[in-house]
Amino acid sequence: MSLHTTAHSLVSLAAEPGHEGGHASLSPFVTGGGALIVLLLLLWITTRFNRDR
């Protein structure tokens, strides 16, 4: 499958009527909250390993 046909199928899947804003199971609050938790965890890990003192 080429990149063009894959992109076309993803765009047509995202633009299906009846699905407003993407897949019904993806809540923006859950997605954003999960991303925030992951980023805070990565920040905490980075600060633990970056002790220059």
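The following legends describe close-up views of a predicted model of one protein chain.

**View 1. Overall fold of the protein chain.** The chain contains two helices and zero strands. Of its 53 residues, 0% are buried. The accessible surface of the protein chain amounts to about 5,200 Å², and carbon and sulfur atoms account for 71% of that area.

**View 2. The segment annotated as a transmembrane region.** An unreviewed UniProt entry lists residues 26-45 under "transmembrane region". In the predicted model, residues 26-45 are 90% helix and 0% strand. The C-alpha atoms at the two ends of this segment lie 28 Å apart.

**View 3. The nonpolar surface patch.** V38, L39, L41, L42, W44, I45 and F49 together form a nonpolar patch of about 770 Å² on the surface.

**View 4. V38 in helix α2.** V38 is located in helix α2, which covers residues 28-49. The relative accessible area of V38 is 47%, so this residue is classed as partly exposed. V38 is also one of the residues that make up the nonpolar surface patch.

Methods. Residues numbered from 1 in each chain as written. Predicted model: local features only at pLDDT ≥ 70, side-chain atom pairs only at ≥ 80, totals over all residues. Heavy atoms only, no water. Patch = residues over 30% accessible without salt bridge, like charges linked within 9 Å, V, L, I, M, F, W, Y side chains within 5 Å. Areas by Shrake-Rupley, 256 points an atom, 1.4 Å probe, with all protein chains shown as cover. Salt bridge = Lys/Arg side-chain N within 4 Å of Asp/Glu carboxyl O. Helix = DSSP H or I, 4+ residues; strand = E, 2+ residues; numbered from the N terminus. Buried < 20%, exposed > 50% of the residue type's maximum accessible area, 1.4 Å probe, protein only. UniProt positions renumbered as here; feature names shortened; annotations may be inferred.
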